[in-house]
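The exercises below concern contacts and salt bridges in one protein model. Work through each task before reading its solution.

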Amino acid sequence: MTRNTGYVWHERYGWHDTGTFAGIVPPGPMVQPFHNFESPESKTRFNSLVEVSGLVEHLTKLRPALATEEDVLRVHTPRHLEHIRSQSEAQLGDAGDGWSPFGRGAYEIALLAAGGTITATEAVLTGAVDNAYALVRPPGHHAERDLGMGYCLFANIPIAIEWARVHHGVERVAVVDYDVHHGNGTQHIYEDDPDVLAISLHQDRLFPQDSGLVDERGFGAGAGATINVPLPAGSGNGAYLAAFERVVGPALRAFKPQLIMVASGFDASAVDPLGGMTVTASAYRSMASTLVALADELCDGRLVFSHEGGYSPVYVPYCGLAVLEAISGVETGVPDPYAHSFEHSPAHPLKPWQDEVIGASEALARQLGLVV
Ligand code: 3YP
Ligand code: ZN
């Protein structure tokens with residue numbers, strides 16, 4: 001079965017300038033300038049493959065709008081908005097943590113990233129499309145209400161959720177984050193909100209430091225509506241698929257969202273320079289298919305992906321294509337040219353120490369339906 005899948009991309013996403021950091025450190029006397037890991041390539045090449053594979057002919061292209069100040073201020077403090085605006089007038093600004101440099105004009109591009117996530121959400125909520133993928137840049141899941149960090153300027157998904165609440169009366173939303181880093185921003189923005197479930201699968205204590213532990217479960221009325229799955233470094237397809245089956249599925253079924261948002265980062269992939277996981281395109285395809293099935297079961301198929309990290313310029317495009325094929329039901333027939341190297345690793349079968357972590361998060365998912 002094929003579906004009408006919305007697709008957001010804009011050339012300006014490729015113009016977000018992250019400077020000459022050598023990966024994650026600033027150049028200096030003994031550090032040769034290079035590219036930031038968060039460079040345009042993984043995303044522009046993903047879009048290029050969507051075009052060249054022919055998949056784009058089967059998608060509904062959506063033109064992103066800029067998020068407005070009002071949209072941003074539903075989530076962020078005026079101080080943070082001003083910070084990003086003024087930093088983006090400098091030659092080399094920073095989102096707030098010293099790890100997230102950007103060039104002039106970043107403010108507008110960040111508004112276009114949040115706006116693109118709104119555009120995708122709007123198209124799904126009006127029924128213009130069945131589901132959607134917003135291939136945006138810069139990413140959003142680390143951005144806190146008052147601070148940009150980890151390459152993130154604005155919290156793209158929360159900004160779209162708050163827009164949907166105001167403009168479409170959406171109440172209950174689940175966020176599933178499979179980026180290899182902890183979705184700290186999303187978690188903190190919604191930690192006391194019982195109507196937004198934040199589930200993050202990530203590499204245990206990778207980034208932010210010591211964040212995303214299983215005992216972070218939300219506060220007050222939001223207690224229980226935060227679920228972290230801090231998978232041990234080295235986890236592969238088996239661990240991710242088990243976490244989807246045993247944590248994401250039961251949690252979503254218990255929570256019954258009206259809309260599912262996905263923080264779609266591909267930095268848990270087998271060749272990511274920042275992650276230590278070994279996930280492959282076939283597992284991203286399965287995770288996306290599982291989300292489509294859950295969205296069908298729970299919320300009339302309403303499912304919106306917003307792109308996050310993923311720093312292998314050569315592999316991210318195939319992981320992304322697999323997700324887009326899964327959510328649109330369109331098969332391009334383009335093979336994963338890396339499959340022979342990455343799909344048969346002994347890293348993939350679920351290990352006992354991964355199973356144990358998943359078990360702890362699974363217990364939280366089971367409690368979600370009950371009073372906590
Ligand atoms: C930002 C600086 C060091 C690690 C990093 C992670 C960014 C990312 O991909 N978040 O999802
Ligand atoms: Zn990441």
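**Exercise 1.** List the residues in contact with Phe305, leaving aside its neighbours within four places in sequence.

*Solution.* Contact means heavy atoms within 4.5 Å. With those neighbours left aside, the partners of Phe305 are Ala132, Tyr133, Ala134, Tyr178, Val262, Ser264, Ala288, Leu291, Val323 and Ile327.

Two conventions apply throughout. The model is predicted, so local features need pLDDT of at least 70 and side-chain atom pairs count only at pLDDT 80 or more, while totals for chains, interfaces and linings use all residues. Residues are numbered from 1 along each chain as its sequence is written, chains are lettered from A and ligands numbered from 1 in the order in which they are written, and side-chain values use heavy atoms, with hydrogens and water left out.

**Exercise 2.** Which residues have the most contacts inside the largest nonpolar core, and which helix gives the largest share of this core?

*Solution.* Step 1: a nonpolar core is a set of buried Ala, Val, Leu, Ile, Met, Phe, Trp, Tyr and Cys residues joined through side-chain atoms within 4.5 Å. Buried means under 20% relative accessible area, exposed over 50%, and partly exposed in between (1.4 Å probe, protein chains only). Step 2: the largest such core has 112 residues, and Tyr178, Leu252, Leu291 and Phe305 have the most contacts inside it. Step 3: helix H4 (residues 106–126) contributes the largest share, 13 residues. Helices (H or I, at least four residues) and strands (E, at least two) are DSSP runs, numbered from the N terminus.

**Exercise 3.** Which parts of the chain does the salt bridge between Glu38 and Arg137 tie together?

*Solution.* Step 1: a salt bridge is a side-chain nitrogen of Lys or Arg within 4 Å of a carboxyl oxygen of Asp or Glu. The structure holds 19 of them. Step 2: in the bridge of Glu38 with Arg137, the closest N and O atoms are 2.8 Å apart. Step 3: Glu38 is in the loop between strand E1 (5–8) and helix H1 (41–52), and Arg137 in the loop between strand E5 (131–134) and helix H5 (156–168), so the pair ties together parts 99 residues apart in sequence. Step 4: Glu38 is buried at 0% relative accessible area, and Arg137 is buried at 1%.

**Exercise 4.** Place the salt bridge of Asp355 with Arg246 in the chain and in its network.

*Solution.* Step 1: the closest N and O atoms of Asp355 and Arg246 are 2.9 Å apart. Step 2: Asp355 is in helix H11 (residues 352–367) and Arg246 in helix H7 (residues 237–255), 109 residues apart. Step 3: Asp355 is partly exposed at 32% relative accessibility. Step 4: a network of salt bridges links Arg246, Asp355, Glu362 and Arg366.
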